[in-house]
Amino acid sequence: MNTDDLMLQPADLEAEETHTSELEKIEVGLLLEGLYRLYGFDFRNYVRTSITRRIMNRVRMEKLPSITALLDKVLHHPDMAKKLLGDFSINVTEMFRDPAFFTSLRQNVVPLLRELPEIRIWHAGCSTGEEVYSMAILLQEEGLAERAQLFATDMNEHVLERARASAFPLARMQGYTKNYLLAGGSQEFSAYYTTDHEFAYFQPELSRNIHFFQHNLVTDRSFNEFHVIICRNVLIYFDTVLQNKVHSLFDESLHPTGILALGSKESLLAVQQSGRYTAMDCTQKIYRKVKTV
């Protein structure tokens with residue numbers, strides 16, 4: 001037998017790669033469907049490239065032969081489902097992240113908040129809480145802390161536990177101080193926290209009006225009316241269908257003239273609710289809801 005007969009030809013290799021790709025798509029779809037049906041977490045409309053990358057990383061970490069093998073473990077072992085849900089949680093955050101965003105809040109949003117007798121702000125997808133504490137500091141410096149309530153939510157209970165602790169690695173404070181100053185901070189940043197050899201602990205009064213709790217943007221409903229909703233670097237992982245669903249939730253949750261702050265990486269251009277807002281800062285994607293008659 002000629003050895004060439006045993007070798008896959010280019011067309012055969014392409015067909016095999018296509019089959020593997022289609023099989024992977026099916027496996028990912030079944031895994032996400034299983035997570036939703038059994039545990040109630042809906043990732044079916046997340047951007048597939050990102051979610052598949054995280055699934056494959058968990059497959060490698062568990063030394064499993066396939067996504068289907070991971071599905072079996074997820075369905076029969078809740079601890080594995082918890083691990084995978086942790087993989088799906090995007091936890092990229094820092095104090096005064098993107099200082100220009102917080103500068104814009106000071107310049108464009110704070111003057112509007114001064115007119116309100118009470119202020120309700122929702123940080124959707126708050127992760128470990130650095131940006132929520134940043135907002136608490138900003139409000140304190142602007143004399144608005146006493147009348148403000150900050151609601152900070154995430155789908156990941158583990159990161160919320162870290163946020164409630166109000167303790168952040170001491171090694172990050174130098175970078176956070178730089179961000180704070182670039183964002184228009186007017187005090188000594190170190191005055192807001194105490195330290196030990198490992199962590200910085202923020203003042204208890206900063207967290208007095210912060211309420212951390214679990215909330216899933218995909219499956220949970222509106223729970224209050226807010227004057228400001230901040231949701232940054234979350235919607236970029238959702239497809240258009242899911243973005244529209246979440247923006248409907250935000251629209252329902254915002255005061256008739258409320259502020260929606262998305263940050264520079266997000267956009268309203270592709271969502272159905274875009275006509276409901278007028279831009280306050282086109283670069284930082286900060287919008288004000290248009291009051292309808």
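This report walks through a predicted model of one protein, from its overall build to a few individual residues.

## Overall build

Let's start with the whole chain. The protein has ten helices and ten strands, and its C-alpha atoms fill a box of roughly 85 × 55 × 35 Å along the principal axes. There are 293 residues, of which 46% count as buried.

The accessible surface comes to about 14,900 Å², and carbon and sulfur atoms account for 53% of that area. As for contacts, take those with a sequence separation of 6 or more: 75% of them link residues 24 or more positions apart.

## Strand β5 and its partners

Strand β5 covers residues 199-202 and is a good place to look at pairing. On one side it pairs with β3 (residues 167-169), antiparallel, through three bridges. Strand β4 (residues 193-195) also runs antiparallel to β5, again with three bridges. A hairpin of three residues connects β4 to β5.

Ala-200 is worth finding in your viewer. This β5 residue is the bridge partner of Phe-168, and Ala-200 is likewise the bridge partner of Thr-195. Ala-200 also belongs, with Phe-202, to the covered face of β5, while Phe-199 and Tyr-201 make up the uncovered face.

## Helix α10 and what it packs against

Helix α10 (240-253) follows a loop that begins after β7 (226-230). With 14 residues, α10 reaches 20 Å from its first C-alpha to its last, close to the 20 Å expected at 1.5 Å a residue. At the start of the helix, a side-chain oxygen of Asp-239 comes within 3.2 Å of the backbone nitrogen of Val-241.

The buried residues of α10 are Leu-242, Gln-243, Asn-244, Val-246, His-247, Leu-249, Phe-250, Asp-251 and Ser-253. An α-helix has 3.6 residues a turn, so residues three or four places apart point the same way. In the buried set, such spacing can be followed through Leu-242, Val-246, Leu-249 and Ser-253. The buried residues pack against five strands: β1, β7, β8 (254-261), β9 (277-281) and β10 (286-289).

## His-227 in strand β7

One of the strands that α10 packs against is β7, and His-227 lies in it. This histidine counts as buried because its relative accessibility is 9%, under the 20% cut-off. Leaving aside neighbours within four places in sequence, His-227 is in contact with Leu-116, Glu-118, Ile-119 and Arg-120, and also with Leu-254, His-255, Gly-258 and Ile-259.

## Two loop residues with positive phi

Ser-127 and Asn-233 both deserve a glance at their backbone. Ser-127 is not a glycine, yet its phi is positive, at about 55°. Ser-127 sits in the loop between β1 (119-124) and α6 (130-141), and with a relative accessibility of 3% it counts as buried.

Asn-233 also has a positive phi of about 55° without being a glycine. Its loop is the one between β7 and α10. Asn-233 has a relative accessibility of 17%, so this residue counts as buried under the 20% cut-off.

## Val-74 in helix α3

Helix α3 spans residues 67-76 and includes Val-74. The relative accessible area of Val-74 is 0%, so this valine is buried. Not counting residues up to four places away in sequence, Val-74 touches Leu-31, Leu-35, Leu-38 and Tyr-39, along with Met-80, Ala-81 and Leu-84.

For a sense of scale, pick Thr-278 as a second point. Val-74 and Thr-278 are 204 residues apart in sequence, and their C-alpha atoms are 44 Å apart in space.

## Cysteines

How many disulfides does the model hold? The count comes to zero, with a disulfide taken as a pair of cysteine sulfur atoms within 2.5 Å. Cys-231 is in no disulfide, and the nearest cysteine sulfur, that of Cys-126, is 11 Å away. Cys-282 is in no disulfide either: the nearest cysteine sulfur, that of Cys-231, is 19 Å away.

Are these two cysteines buried or exposed? Cys-231 counts as buried because its relative accessibility is 0%. Cys-282, by contrast, counts as exposed because its relative accessibility is 58%.

Note on methods. Residues are numbered from 1 along each chain as its sequence is written. This is a predicted model: local features need pLDDT of at least 70, side-chain atom pairs count only at pLDDT 80 or more; totals for chains, interfaces and linings use all residues. Side-chain values use heavy atoms; hydrogens and water are left out. Helices (H or I, at least four residues) and strands (E, at least two) are DSSP runs, numbered from the N terminus. Buried means under 20% relative accessible area, exposed over 50%, partly exposed in between (1.4 Å probe, protein chains only). Contact means heavy atoms within 4.5 Å. Two strands pair if DSSP finds at least two bridges between them. The expected span of a helix is 1.5 Å times one less than its number of residues. A polar contact is a pair of N or O atoms within 3.5 Å; within protein, one must be able to donate a hydrogen and the other to accept it, and residues adjacent in sequence count only if both atoms are side-chain atoms. Accessible areas come from the Shrake-Rupley method with a 1.4 Å probe; for residues, only the protein chains shown count as cover.
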